[in-house]
Amino acid sequence: QVQLVESGGGLVQAGGSLRLSCAASGSIFLMNAMAWYRQAPGKQRELVAVISSGGTTNYADSAKGRFTISRDNAKNTVYLQMNSLKPEDTAVYYCNADVVAGSSWRRNHYWGQGTQVTVSS
């Protein structure tokens, strides 16, 4: 019903920047909060940043001051601008969306397939 497609990952040197995008498509009736998570090898998936439908944002302590989450409601797209990247930011980054979709207006959380971010020292 709903697909999330991430893009923008890649390899960057420490101190560099990347911008991730996540576009949602499908039978979307209402897009609530959207978020970015990440999972490094051998670690649990963790929340990086979240943005409400009204634009309120919250960040993990590790992301504060370096990452900025934003969204374009007309495009059902969420972005993550990542600056001053560090090797410890290396992970697969996943998009998550709280969506009301389908003919039955069912509310679910959807995940993207993930995009790899690698920061070299």
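What follows is a short walk through the fold, the core and a few residues of this predicted model.

A word on bookkeeping: residues are numbered from 1 along each chain as its sequence is written, and side-chain values use heavy atoms, with hydrogens and water left out. Because the model is predicted, local features need pLDDT of at least 70 and side-chain atom pairs count only at pLDDT 80 or more, while totals for chains, interfaces and linings use all residues.

The chain is a β affair, with 11 strands and zero helices; here strands (E, at least two residues) and helices (H or I, at least four) are DSSP runs, numbered from the N terminus. The C-alpha trace spans about 50 × 25 × 20 Å along its principal axes. The radius of gyration is 14 Å, in agreement with the value near 14 Å for a compact globule of 121 residues; this radius is taken over C-alpha atoms, and the globule rule is 2.2 Å times the number of residues to the power 0.38.

Of the 121 residues, 41% count as buried (buried means under 20% relative accessible area, exposed over 50%, partly exposed in between, with a 1.4 Å probe and protein chains only). As for contacts (heavy atoms within 4.5 Å), 56% of those between residues at least 6 apart in sequence join residues at least 24 apart.

The largest nonpolar core (buried Ala, Val, Leu, Ile, Met, Phe, Trp, Tyr and Cys residues joined through side-chain atoms within 4.5 Å) has 30 residues, and Trp36, Leu80, Met82 and Tyr93 have the most contacts inside it. Several strands supply at least two residues each, among them strand 1 (2-7), strand 3 (18-26) and strand 8 (77-82). Strand 9 gives the largest share of this core, six residues. Setting aside neighbours within four places in sequence, leucine 80 touches ten residues' worth of company that includes Leu18, Trp36, Phe67, Ile69 and Tyr93.

Strand 4 (residues 28-39) holds tyrosine 37, and asparagine 32 sits in strand 4 too. Asparagine 32 is buried, at a relative accessible area of 16%, whereas tyrosine 37 is partly exposed at 22%. Beyond four places in sequence, asparagine 32 is in contact with Ser53, Arg71, Asp98, Val100 and Arg107. With the same neighbours left aside, the contacts of tyrosine 37 include Arg45, Leu47, Val92, Tyr94 and Trp111. Valine 12 lies 25 residues from tyrosine 37 along the chain, and their C-alpha atoms are separated by 19 Å.
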